[in-house]
Amino acid sequence: MNWLDVFCHPLWAVSTTLLALVVRLQRRGRWDPRTCNVQLKGKTAIVTGANTGIGKFIAMDFARRGARVILACRSEARGTAALTEIREKTGNADVHLRLVDVSSMDSVREFARRILDEEKALHILVNNAAISGFPRQITKDGFEISFATNHLGPFLLTNLLLDLMKRSAPARIVTLSSVNHYRGEVDFSHFKGDNLVHHMDTVYNHTKLHNIICTNELAHRLQGTGVTANSVHPGVVMTEVMRNYSIIVRGIFNFIGIFFFKSSEEGAVSPIYCAVAEETEGITGKYFDSDCSLVLPAPLARDAALAVKDFEVCERLTSKL
Ligand SMILES: NC(=O)c1ccc[n+]([C@@H]2O[C@H](COP(=O)([O-])OP(=O)(O)OC[C@H]3O[C@@H](n4cnc5c(N)ncnc54)[C@H](OP(=O)(O)O)[C@@H]3O)[C@@H](O)[C@H]2O)c1
Ligand SMILES: *[C@@H]1O[C@H](CO)[C@@H](O)[C@H](O)[C@H]1NC(C)=O
């Protein structure tokens, strides 16, 4: 008998299916938003990139808990579709769309100005919008587009809304990073597109490392204010995140995903945990894994001196724009 024949045996099909099922069940997180009855009536929350993927389910959860929710999206059409869906599914009419392109510092400033004009308080800010696998491009501010979208835009947005959040304390800032940050590197010339290799998710990995580094430094600066700042990995989630990759890469991702990856709703669980759970109250400057456990981020993300430097570089880059 050829050893390959074993793969044709019915027992092979049965056992692999069973194994796949076990693996799928294993993905279930340890915390369930449905059993958490924290209410958010009277609270205001902003979620960036809330029209699809993980962001939409985060916004949906906040709306279900009665929060005033602001969907910060770049497309009026896609944003309106999500707004209608969230209002319908949750019965909460206090959900609103505000347009922002987080890759543009002008747009971020304009968005923040409007929020500061219109909102009396801000209790939750979720920096969710991001891109992956995007080809090299320099924005009109002179930044590499993935760095502008995933890090510098959210960095500026957070800083502009900080005073409002301090006045609204207790308040929480949650930034979606990724397990990919372990493979990221820090090189300040990356921000403007220098010394970068655009291959697969290299650039994305760098941006997700900066997310954690600056969130940790922010947490440090916010000590005693009642505003917390944490980073979180949502898991490997079947969203539109792979939209910039080739059809082959997307095909493989989606096929493997059927068995191993989370749905967008499941991917929203760990960010929701950071943003609303009683268990995470007061926790700041930490990194949460997709199963809602506290884990250590990469060594570079724990280097306090590097964090001070990175934060200052980002402040300088975004301050004049
Ligand atoms: N999916 C995963 O496996 C995974 C793993 C680890 C971490 N994450 C993180 O989870 C977060 C959400 O990702 P996702 O998987 O839900 O991605 P997604 O399905 O691609 O959704 C991304 C969202 O961000 C928005 N966005 C992108 N660029 C923007 C810009 N310049 N201005 C405003 N909004 C912008 C998109 O808006 P449009 O629809 O208009 O493009 C969309 O609403 C990201 O921070 C990602 O890094 C995801
Ligand atoms: C980016 O991170 C992912 C996940 O850790 C890893 O598989 C991939 O190889 C990294 N990419 C590069 C170019 O380092």
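## Ligand shells, sheet and core of a predicted model

In the shell around ligand 1 the largest share, three residues, is contributed by helix H2, where helices (H or I, at least four residues) and strands (E, at least two) are DSSP runs numbered from the N terminus. This is a predicted model, in which local features need pLDDT of at least 70 and side-chain atom pairs count only at pLDDT 80 or more, while totals for chains, interfaces and linings use all residues. Residues are numbered from 1 along each chain as its sequence is written, and chains are lettered from A and ligands numbered from 1 in the order in which they are written.

Around ligand 1 there are 29 residues, of which Gly49, Gly53, Ala130, Thr239 and Val241 come nearest; a residue is near a molecule if its C-beta atom, placed from the backbone, lies within 6 Å of it. The residues around ligand 2 are Val179, Asn180, Tyr182, Arg183, Met200, Asp201, Thr202 and Asn205. The table divides both shells by residue class, with Ala, Val, Leu, Ile, Met, Phe, Trp, Tyr, Cys and Pro counted as nonpolar, Asp, Glu, Lys and Arg as charged, and the others, Gly among them, as polar.

| Shell | Nonpolar | Polar | Charged |
|---|---|---|---|
| Ligand 1 | twelve residues | 13 residues | four residues |
| Ligand 2 | three residues | three residues | two residues |

Eight strands form an open sheet of mixed pairing, in the order S3-S2-S1-S4-S5-S6-S7-S8, two strands being paired if DSSP finds at least two bridges between them. Strand S3 (95-99) and strand S8 (294-295) are the edge strands, each pairing on one side only. Helix H2 (residues 53-64) packs on this sheet, touching strand S1 (44-48), strand S2 (68-73), S3, S4 and S5, where contact requires C-beta atoms, placed from the backbone, within 7 Å. Strands S4 (residues 124-127) and S5 (residues 171-176) run parallel and are joined by four bridges, with Ile124 opposite Arg172 in S5.

The largest nonpolar core has 75 residues, and Val47, Ala59, Val69 and Leu71 have the most contacts inside it; such a core is a set of buried Ala, Val, Leu, Ile, Met, Phe, Trp, Tyr and Cys residues joined through C-beta atoms within 7 Å. Helix H5 (residues 145-167) gives the most to this core, with nine residues.

Glu119, found in the loop between helix H4 (105-118) and S4, counts as partly exposed because it has 17 C-beta neighbours inside 10 Å, given that 20 or more would make a residue buried and 12 or fewer exposed. Not counting residues up to four places away in sequence, Glu119 touches Thr44 and Leu164.

Terms used:
Contact = placed C-beta atoms within 7 Å. Axes fitted to C-alpha atoms, helices over the stretch in contact; angles between N-to-C directions.
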